[in-house]
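Hi everyone, thanks for coming. Please have the sequence and the viewer open, and follow along as I talk.

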Amino acid sequence: MDQRMAAACPCGRLDGKKRALSYADCCARFVAHFETTPAPDAEHLMRSRYSAFVLEEADYLQATWHASERPATLDFEPGVRWLGLSVKHFQVTGEDRAEVEFVARYRVAGRAVRLHERSRFVREQGRWFYVDGEQF
Ligand SMILES: [Zn+2]
């Protein structure tokens with residue numbers, strides 16, 4: 001198994017014994033297998049998209065972005081060091097709609113950034129997609 005797969009998942013999820021899940025056992029199940037294994041709910045999708053940002057998996061980010069909002073291309077800001085994700089709230093808001101509120105922290109050019117967002121997700125044909133988010 002490659003190093004990235006064995007390392008702690010960037011999203012920081014813990015198992016029942018409060019140990020960090022490996023990337024292979026956590027978000028890679030979706031990021032590396034988008035075609036066959038869609039994230040089962042909006043929280044899993046949100047976490048896997050955070051991990052994909054950390055690991056610069058642009059294809060996955062594009063594939064899980066709702067077509068109405070998806071950017072044509074995705075550029076990763078150079079020199080960003082992601083520090084962690086904290087999911088604050090997960091709410092199902094309709095049959096095929098959900099919201100996830102989270103805080104993501106990172107450093108760039110010596111500056112600490114705290115990104116606090118409530119993201120909206122929709123489910124179409126059994127797959128969840130990120131639509132947009134409101135920042136606080
Ligand atoms: Zn994860």
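I'll go from the overall layout to the sheet, then to the core, and finish with a database record.

First, a reminder that what you see is a predicted model. The protein has four helices and four strands. Walk along the chain from the N terminus and you read α-α-α-α-β-β-β-β. The radius of gyration is 14 Å, close to the 14 Å that the globule rule gives for 136 residues, so the protein is as compact as a globular protein of that length. If you want a feel for its dimensions, the C-alpha trace spans about 35 × 35 × 30 Å along its principal axes.

How much of the protein counts as buried? Of its 136 residues, 27% do. And if you take the contacts with a separation of 6 or more, 40% of them come from residues 24 or more positions apart.

Now rotate to the strands. A general point for the newcomers: strands of a sheet pair through backbone hydrogen bonds, either parallel or antiparallel. In which order do the four strands sit here? They form an open sheet, β1-β2-β3-β4, and the pairing is antiparallel. At the edges stand β1, residues 81-94, and β4, residues 127-135; each has a single partner strand, so one side of each is left without a neighbour in the sheet. From one strand to the next, the twist averages 25°.

Let's zoom in on one pair. β1 runs antiparallel to β2, which covers residues 97-108, and 11 bridges connect the two strands. To see one of these partnerships, find H89 and look across to E101 in β2, its bridge partner.

Next, the inside. The largest nonpolar core contains 26 residues, and C27, A42, L45, Y50 and F121 have the most contacts inside it. Which elements give two or more residues to this core? They are α2 (28-31), α3 (42-54), β2 and β4. The biggest giver is α3, with seven residues.

Let's stay with L45 for a moment. Leaving aside residues up to four places away in sequence, L45 touches A39, T64, F121, W128 and Y130. Try clicking on each of those in turn.

Last, the record. UniProt, in an unreviewed entry, lists residues 41-133 as "domain: YchJ-like middle NTF2-like". In our model that span is 20% helix and 51% strand, and its end C-alpha atoms lie 17 Å apart.

That's my tour, and I'm happy to take questions.

Definitions and conventions: Residues are numbered from 1 along each chain as its sequence is written. This is a predicted model: local features need pLDDT of at least 70, side-chain atom pairs count only at pLDDT 80 or more; totals for chains, interfaces and linings use all residues. The radius of gyration is taken over C-alpha atoms; the globule rule is 2.2 Å times the number of residues to the power 0.38. A residue is buried if 20 or more other C-beta atoms lie within 10 Å of its own, exposed if 12 or fewer, and partly exposed in between; C-beta atoms are placed from the backbone. Two residues are in contact if their C-beta atoms, placed from the backbone, lie within 7 Å. Two strands pair if DSSP finds at least two bridges between them. Axes are lines fitted to C-alpha atoms, for helices over the stretch in contact, and angles run from 0 to 180 degrees between N-to-C directions. A nonpolar core is a set of buried Ala, Val, Leu, Ile, Met, Phe, Trp, Tyr and Cys residues joined through C-beta atoms within 7 Å. UniProt positions are given in the numbering used here, feature names are shortened, and annotations may be inferred rather than shown by experiment.
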